[in-house]
Amino acid sequence: MRTTITVNTDLTAGTISRHLYGQFAEHLGRCIYEGMWVGEDSPIPNTRGIRNDVLEALRNLSIPVLRWPGGCFADEYHWKDGVGPRDGRKRMVNTNWGGVVENNHFGTHEFFDLCELLETEPYICGNVGSGSIQEMQEWIEYMTFDGESPMANWRKANGREKAWKLKYFGVGNENWGCGGNMRSEYYADEYRRYQTYVRNYGDNRIYKIAGGANTDDYGWTETMMREAGPLMDGLSLHYYTVPGGFELKRPAIGFDEAEWFETMQQALRMDELITRHSAIMDRYDPNKRIGLIVDEWGTWFRVEPGTNPGFLYQQNSLRDALVAGLHFHVFQRHCDRVHMANIAQTVNVLQAMIFTEGADMLVTPTYHVFEMFKVHQDAEALALHLDTGEYRSGSEAIPQVSVSASKRADGTIDISLCNVDPIGEAPVGLRLRGLTGTPAVSGRVLTHADMNAHNTFERPETVAPQPFDGVSDITPEGLSATLPPMSITVLTLRF
Ligand code: AHR
């Protein structure tokens with residue numbers, strides 16, 4: 001069936017916060033250590049310990065916000081162990097992730113340095129599970145208080161005179177699980193107490209993010225909104241795409257079409273989850289002041305053979321790229337409520353942007369989607385109507401094409417399209433309502449003939465964007481395009 005899309009070029013559906021393109025980097029496996037931090041004495045070229053190749057690749061993504069230090073790690077992290085002279089920092093066990101030694105060489109100062117180098121906003125997650133209110137209060141004071149105080153003085157003694165600006169702060173992580181195994185009622189009370197001491201010093205204003213639900217735990221959202229809604233700015237949601245489920249995770253490579261279908265179907269579930277969590281939030285917060293913060297999402301496969309099971313290192317294929325594209329379309333459709341999203345995780349862990357091996361680095365298919373879609377950041381979402389066929393597997397079906405369109409401040413329109421069908425191309429008729437002139441259209445496509453295609457250190461360009469030449473019949477009323485099977489396309493319309 002021919003897909004028909006009507007884009008209302010003069011009708012905004014809300015602003016797409018650039019924070020939907022956020023990242024998450026945890027002290028897990030080789031994400032922070034090796035992947036980002038190599039230390040000042042490393043033979044790998046670095047800036048104050050942070051590797052230059054990764055910095056350069058990440059800068060190209062215009063990352064708007066970076067979440068750190070966890071994840072589960074956050075609720076066992078004691079920030080005081082990670083400041084001061086590095087040689088004297090405490091060594092601890094990373095109990096969540098492989099039981100390896102954490103030497104605390106990457107701490108608060110190094111994280112803010114990374115954010116400054118990336119020109120990204122920091123999003124710090126505090127420790128509720130095994131920390132104390134005093135510890136959290138003092139961290140905020142250490143980071144953001146500019147006057148005379150024990151913590152501000154300590155920061156200065158450690159080399160940072162001026163307070164940092166910190167907006168995003170999470171009060172714990174997955175407090176229903178690794179963050180303390182709490183009941184929602186208990187955590188709601190804990191949240192109320194802890195957040196009291198997350199102070200605004202000077203003109204620094206903190207956007208407080210409460211620990212939210214796992215997947216479809218709507219009861220958690222209900223309790224949090226009822227008991228603590230007025231005391232939060234954001235409420236998180238975590239959902240992973242895990243074909244086979246957490247107990248029977250499937251390999252990242254070597255999958256067949258049935259697994260491809262299951263993966264796409266699971267990725268699209270994000271739409272239902274956001275719709276239903278938002279419906280609960282709407283009852284308590286009809287003006288949508290509180291953001292739904294999807295601060296962990298992405299694929300979770302079996303670890304690569306021979307790697308530490310606690311390091312969560314998995315390959316990244318064209319399939320992951322489609323998962324990313326589908327998620328962005330869902331987030332953008334819900335941009336009135338979803339104010340931030342952070343993929344898990346930036347380097348070498350889960351659905352990563354980047355893999356490193358010693359001094360080598362490559363970018364993954366997922367990286368390319370973040371790069372191609374960055375045109376949507378802070379643009380106006382355009383209202384559209386999609387009529388597409390089905391991609392079927394047995395008795396199950398999902399929509400073949402997914403789409404999102406946005407308008408930049410200078411009037412340029414960007415339209416991203418995913419064709420999830422691994423066999424059928426998708427002929428598309430795109431109607432552009434509200435235009436007066438004929439646009440100049442350019443495009444790029446990310447695709448491959450093999451659904452398992454991925455980038456390796458030997459062949460790092462196997463999956464990379466190419467110019468798209470499938471557009472025809474361009475008029476002020478619209479255009480036609482033929483999307484290759486299993487592809488992600490971004491069309492740019494200039495006037
Ligand atoms: O991203 C990996 C882990 O997944 C995080 O540490 C945790 O929050 C989630 O369960």
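Start with the whole protein chain: residues 24 or more positions apart account for 76% of its contacts with a separation of 6 or more. Keep in mind that this is a predicted model.

**Stop 1: the whole chain**

Show the protein chain as a cartoon. It has nine helices and 26 strands. Its radius of gyration is 22 Å, close to the 23 Å that the globule rule gives for 495 residues, so the chain is as compact as a globular protein of that length. Now turn the view along the principal axes. The C-alpha trace spans about 70 × 50 × 45 Å. How many of the 495 residues count as buried? The share is 49%.

**Stop 2: the barrel**

Select strands S2, S5, S8, S9, S10, S11, S12 and S13. These eight strands close into a barrel, and that is also their order around it. Is the pairing parallel or antiparallel? It is parallel. From one strand to the next, the twist averages 30°. Strands of a sheet pair through backbone hydrogen bonds, so switch on the backbone atoms here.

**Stop 3: one pair in the barrel**

Zoom in on S5, residues 65–68, and S8, residues 121–125. The two run parallel, and four bridges join them. Pick Trp68: the residue opposite is Ile124 in S8. Next, add helix H2, residues 108–118. H2 packs on the sheet and touches both S5 and S8. The direction of H2 makes about 150° with that of S8.

**Stop 4: a helix across three strands**

Select helix H8, residues 318–333. Which strands does H8 lie across? They are S11 (234–241), S12 (291–299) and S13 (338–344). Compare directions: H8 runs at about 170° to S12.

**Stop 5: the ligand**

Select the ligand and show the residues around it. Glu26, Gly70, Gly71 and Cys72 are among them. Add Asn173, Glu174 and Glu296. Finish the shell with Ala344, Gln345 and Leu350. Colour these residues by class. Three are nonpolar, four are polar and three are charged.

**Stop 6: a hairpin**

Move to S17, residues 390–393, and S18, residues 396–399. How do S17 and S18 run, parallel or antiparallel? They run antiparallel, joined by four bridges. Ser393 stands opposite Glu396 in S18. The two strands form a hairpin, with two residues between them. Click on Gly394 in the turn: its phi is positive, at about 60°.

Note on methods:
Residues numbered from 1 in each chain as written. Predicted model: local features only at pLDDT ≥ 70, side-chain atom pairs only at ≥ 80, totals over all residues. Near = placed C-beta within 6 Å. Nonpolar A, V, L, I, M, F, W, Y, C, P; charged D, E, K, R; others polar. Rg over C-alpha atoms; globule rule 2.2 N^0.38 Å. Buried ≥ 20, exposed ≤ 12 C-beta atoms within 10 Å, placed from the backbone. Contact = placed C-beta atoms within 7 Å. Pairing = 2+ DSSP bridges. Axes fitted to C-alpha atoms, helices over the stretch in contact; angles between N-to-C directions.
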